[in-house]
Amino acid sequence: MMNYLNTYRRYACDINRINEEARSDPKALVDLTEQIYRYDLSWIAQQILSGEGHRHVIMLSGPSSSGKTTTSKKLSDEFLSRGVDIKLISMDDFYLGEEFVKRTDDGKPDFESVEALDIPLIKQTIDMLLTKGECVIPVYDFVHSMRTQKTRTLRLESDSVIIMEGIHALNPIFSNGRSKVIKVYTSVKQGIKNNEDYVLTNRDIRFVRRFVRDYQFRKVDPVYMLSMWNGVVDGEKKYIRPYRYTSDFTINSIHIYEPCVMREYALPILNAIPQSHPLYNYVSRIAESLNRFEKIDSSLVPENSLIREFIGGGCYKY
């Protein structure tokens, strides 16, 4: 039965208030945001452990750059702090590889489609975890867009919690008929406004995260990233949004101070986009919006922050 009480934290996302706090006490703004996010994850972990059964499989989903990976790691910390064995699985490792992926109408590989994943292997993996407590996980190479020959073996304790995260984790193709599966959805659920007008929408915030991360750590050319963005958005509409209300828990991953930090990483990349690019007006608007935020030095961002997933310097391995 769908959980009609599923809700999430809402913030007072006003740029004037954010800038005032960023000027007066930026460390307090960062620290409070991080404490609240940890509190929400702690509460979810406690709710899951208070339920019946063992070997809980948590399917954690969200759109691109929603912070799924760090959320899964921070959630795992909450289980570990309670003495519970935890295993993390990224559905990204189950990509088939660019040469096996269907093409969109414009000839680009459709990595947003659920069919870009090895669906039978994912289902087999979930079943093996629940019944045998052991499975073998493939390893994907993002730089070369291909599956490697490497694998890793997972062995579970009798009361282990497994977190499988990926954009398609809520797709019923993976959870139907599996009663022990718990669904968690995370995304930037709010934008930042100036009174009633949006300065940055929730999608804009995720765009900036992805733009910075892919440039720094996946060595993706900014122009190529832009050419992929509309396909990413279309994929979310088709493959992610239809299932977000089926989750047992929803997490709002916005960190209200993040534009104050991200601006220094994003602006040089955004400003280098040529005016001839079809999405130049969109990029220009994002850059103008980021310029309206007070700067917060990234040294104030904790090593275990979700924001470190996108700017680097964190304690988690990605």
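Helices, as named in these legends, are DSSP runs of H or I with at least four residues, strands are DSSP runs of E with at least two, and both are numbered from the N terminus. The model shown in every view is predicted.

**Figure 1. Ser65 in the loop between strand E1 (56-61) and H3.** The backbone of Ser65 has a phi near 60°, a positive value in a residue other than glycine. Most residues other than glycine have a negative phi. Ser65 counts as buried because its relative accessible area is 3%, and buried means under 20%.

**Figure 2. Asn195 in the loop between strand E7 (192-194) and strand E8 (197-200).** Asn195 is a residue other than glycine with a positive phi, near 60°. With a relative accessible area of 59%, Asn195 is exposed, since that term applies over 50%.

**Figure 3. The largest pocket and its lining.** The space in this pocket is about 1,500 Å³. Its lining comprises 42 residues, of which Ser90, Asp92, Phe142, Arg213 and Arg218 are the closest to the centre of the pocket. Two or more lining residues come from each of helix H3 (68-81), strand E2 (86-90), H6, helix H7 (222-239) and H10. Sorted by class, the lining of the largest pocket contains 16 charged, 15 nonpolar and 11 polar residues.

**Figure 4. The second largest pocket, with a volume of about 450 Å³.** A set of 21 residues lines this pocket, and Tyr185, Lys189, Arg241, Arg244 and Tyr245 are the closest to its centre. Strand E6 (181-187) and H6 are the elements that give two or more residues to this lining. H6 gives the most, with 3 residues. The lining of the second largest pocket divides into 7 nonpolar, 7 polar and 7 charged residues.

**Figure 5. The largest cavity, lined in part by helix H6 (202-217) and helix H8 (258-270).** The structure holds 2 cavities of 30 Å³ or more, and the largest has a volume of about 40 Å³. Its lining is formed by Leu200, Ile205, Val208, Glu258, Pro259, Met262 and Leu290. H6 and H8 each supply at least two of these residues, and H8 gives the most, with 3. By class, 6 lining residues of the largest cavity are nonpolar, 1 is charged and none is polar.

**Figure 6. The second largest cavity, holding about 30 Å³ of space.** The residues that line this cavity are Ser61, Ile167, His168, Leu170, Asn171, Tyr239, Ile240 and Tyr243. Of these, 5 are nonpolar and 3 are polar, with no charged residue in the lining of the second largest cavity.

**Figure 7. Phe207 in the largest nonpolar core.** In soluble globular proteins, nonpolar side chains tend to be buried together. The largest nonpolar core in this model has 62 residues, and Phe79, Phe207 and Leu270 touch the most other members. Apart from neighbours within four places in sequence, Phe207 is in contact with Leu226, Trp229, Leu270, Tyr282 and Ile286. A second, separate core has 31 residues, including Ile89, Ile126, Cys135 and Leu156.

**Figure 8. Ser305 in the loop between helix H9 (280-290) and helix H10 (308-311).** Ser305 is buried, because its relative accessible area is 0%. Not counting residues up to four places away in sequence, Ser305 touches Glu34, Thr70, His255 and Tyr257. With one of these, Tyr257, the contact includes a polar contact of 3.3 Å between the two side chains.

**Figure 9. Glu294, also in the loop between H9 and H10.** Glu294 counts as partly exposed because its relative accessibility is 29%, a value in between the cut-offs of 20% and 50%. Leaving out residues up to four places away in sequence, Glu294 touches Asn19, Ala22, Arg23, Cys260 and Arg263. A polar contact of 3.0 Å links the side chain of Glu294 to the side chain of Arg23. Pro172 stands 122 residues from Glu294 along the chain, and the C-alpha atoms of the two are separated by 43 Å.

Notes
Residues are numbered from 1 along each chain as its sequence is written. This is a predicted model: local features need pLDDT of at least 70, side-chain atom pairs count only at pLDDT 80 or more; totals for chains, interfaces and linings use all residues. Side-chain values use heavy atoms; hydrogens and water are left out. On a 1 Å grid over the protein atoms alone, a cavity is a set of points where a 1.4 Å probe fits but cannot get out, and a pocket is an open set with protein on both sides within 12 Å along at least five of seven lines; lining residues have an atom within 4 Å of a point. Grid points are joined across faces, edges and corners, and a volume is the space filled by probe spheres set on the points. Ala, Val, Leu, Ile, Met, Phe, Trp, Tyr, Cys and Pro count as nonpolar, Asp, Glu, Lys and Arg as charged, and the others, Gly among them, as polar. Buried means under 20% relative accessible area, exposed over 50%, partly exposed in between (1.4 Å probe, protein chains only). A polar contact is a pair of N or O atoms within 3.5 Å; within protein, one must be able to donate a hydrogen and the other to accept it, and residues adjacent in sequence count only if both atoms are side-chain atoms. Contact means heavy atoms within 4.5 Å. A nonpolar core is a set of buried Ala, Val, Leu, Ile, Met, Phe, Trp, Tyr and Cys residues joined through side-chain atoms within 4.5 Å.
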